[in-house]
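Work through the exercises below with the sequence and the model open. Each task is followed by a solution in steps.

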Amino acid sequence: MRKNARPMYWATAALILVFSFGCDLLSPPKEPATGFTEFGNIGELYESYFPIGAAVSGGEYGTNSFTYYPANVVSVFSSFVAENCMKPALIQPEEGTFEWDAADVIVDAAEARGAVVRGHTLVWHSQSPAWMTAGTKEEARARMRAHILAVAGRYTGRISAWDVVNEAVTDYGYRTDSPWYTVYGDASYIQDAFDYAYEADPDAKLFYNDYGVVNASKRNTIKNMITELRLKEDHHLAGVGIQAHWNLNWPSLNEIQATIDTFSDMGLEVQFTELDIDVYGGDGSIAEKVLTDDLEEALADRYGEIFALFRQNAEKITNVTFWGIADDHTWLNRFWDSTYHNDEFRQNYPMPFNTNHEAKRLYMRITDF
Ligand code: G3I
């Protein structure tokens, strides 16, 4: 290379470098993407496919979703589920003491809108008061029956589907550290739960609900549990709730399809009960992101392909529910790795509406078909 060519060489190299990084080195960070104030009614658009739901609060923890969110936002959903207030620890915190108000708000509001209601959840190892499973198996069994007859009985004929039992297995077997498994000494508490739910409300569709169901190991464990306990044949199981806490890159469409087919082939309904897309993929070390144009597009692409698959399987799917409504309230708005941050707030972007309660690009994408 000629000696006097060096300055020009470096200048050219610098320009190539800048343009090769798409000028990001020079331009200011992109402004957060804005939402849409005009949007279609997703519940109506999907009426011939399946109800489109949202997890809501009825005033527990201080927020009533039906008054907190704009009317034109809440009204697009055709199904609702209690995010927390129907869980055992909240609805019967002490034996014989029932907190009905928040649950009544949700059921009443849903009915006023002609929407269906999912019940969540009757028997779970988490958010369940210790008194329920104290003492002997027979004492715990009697308390389970009393709880389910009281709660499912209060809403008889008003709940379309109950998550009767939530998260009773791990990837490879029963969740043996569940207080219900512990006091029973086996998994027969699951059969009892379905029997008592049927006794309380024979018209409700009774579901087993879990996360990570798209993983072949857990999917097979759930399939084996259903078969081993004869939940469909002898205990009124109607379907499997796939929570669907997913991310931008997982699971694959093939894994979702295989999961739909596994339970549909067993003669069971499939519902996606807690859908959200974590933009951090569960990585607690990633700093908070801005909802940039690129991220809006990635979310729209991801939700777009998922809802296209759902529509292709509409004859097997009987509900799709988002685990929330807007990004200002989602369980994902936190760091999930105490190594880096201990439960600190980190904005996530999993929901169809943004923090300004405007429709996001993903909402426009899944309602344009
Ligand atoms: O907001 C109150 C705060 O005011 C209060 O000081 C604090 C005291 O503990 O509680 C706060 O409420 C928290 C609530 O989330 C806020 O929405 C509760 O502590 C906390 O327990 C609750 O967590 C819920 C979590 O289940 C409990 O396991 C999440 O909202 C809820 O989204 C999440 O939902 C679960 C499903 O039920 C089952 N599948 C997994 C899913 C996500 O974990």
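Two residues are in contact when heavy atoms of theirs lie within 4.5 Å. The model used here is predicted.

**Exercise 1. The chain as a whole**

Describe the protein chain by its secondary structure, extent, burial and contacts.

Solution.
- Step 1: the protein chain contains 14 helices and 9 strands.
- Step 2: along the principal axes, its C-alpha atoms fill a box of roughly 90 × 45 × 40 Å.
- Step 3: of the 369 residues in the chain, 52% are buried. The chain exposes about 16100 Å², and 51% of that comes from carbon and sulfur atoms.
- Step 4: take the contacts with a separation of 6 or more; 80% of them join residues 24 or more positions apart.

**Exercise 2. Arg-143**

Decide whether Arg-143 is buried or exposed, and list what Arg-143 touches.

Solution.
- Step 1: locate the residue. Arg-143 lies in helix 7, which covers residues 137-154.
- Step 2: apply the cut-off. Buried means under 20% relative accessible area. Arg-143 has 15%, so Arg-143 is buried.
- Step 3: list the contacts, leaving out residues up to four places away in sequence. Arg-143 touches Glu-95, Trp-131, Met-132, Thr-133 and Ala-134.
- Step 4: check a C-alpha distance. Gly-96 is 47 residues from Arg-143 along the chain, and their C-alpha atoms are separated by 9.9 Å.

**Exercise 3. Helix 9**

Test the span of helix 9 against 1.5 Å a residue, then find which of its residues are buried.

Solution.
- Step 1: the expected span is 1.5 Å times one less than the number of residues.
- Step 2: helix 9 (residues 188-200) has 13 residues, so it should span 18 Å. The end C-alpha atoms of helix 9 are 19 Å apart, which agrees.
- Step 3: helix 9 is mostly covered, with 10 of its 13 residues buried. These are Ser-188, Tyr-189, Ile-190, Gln-191, Asp-192, Ala-193, Phe-194, Tyr-196, Ala-197 and Ala-200.

**Exercise 4. The ligand**

Describe the residues around the ligand, their polar atoms and the burial of the ligand.

Solution.
- Step 1: there are 15 residues around the ligand, and Glu-83, Lys-87, His-120, Glu-274 and Trp-323 come nearest.
- Step 2: by class, the shell has 4 nonpolar, 7 polar and 4 charged residues.
- Step 3: a side-chain N or O atom of Lys-87 is 2.6 Å from an oxygen atom of the ligand. A polar side-chain atom of Asn-84 lies 3.0 Å from a ligand oxygen atom. For Glu-274, a polar side-chain atom is 2.7 Å from a nitrogen atom of the ligand.
- Step 4: the ligand taken alone exposes 770 Å², of which the protein buries 55%.

How values were computed
Residues numbered from 1 in each chain as written. Predicted model: local features only at pLDDT ≥ 70, side-chain atom pairs only at ≥ 80, totals over all residues. Heavy atoms only, no water. Near = heavy atom within 4 Å. Polar contact = N/O pair within 3.5 Å; in protein donor to acceptor, adjacent residues only side chain to side chain. Areas by Shrake-Rupley, 256 points an atom, 1.4 Å probe, with all protein chains shown as cover. Nonpolar A, V, L, I, M, F, W, Y, C, P; charged D, E, K, R; others polar. Helix = DSSP H or I, 4+ residues; strand = E, 2+ residues; numbered from the N terminus. Buried < 20%, exposed > 50% of the residue type's maximum accessible area, 1.4 Å probe, protein only.
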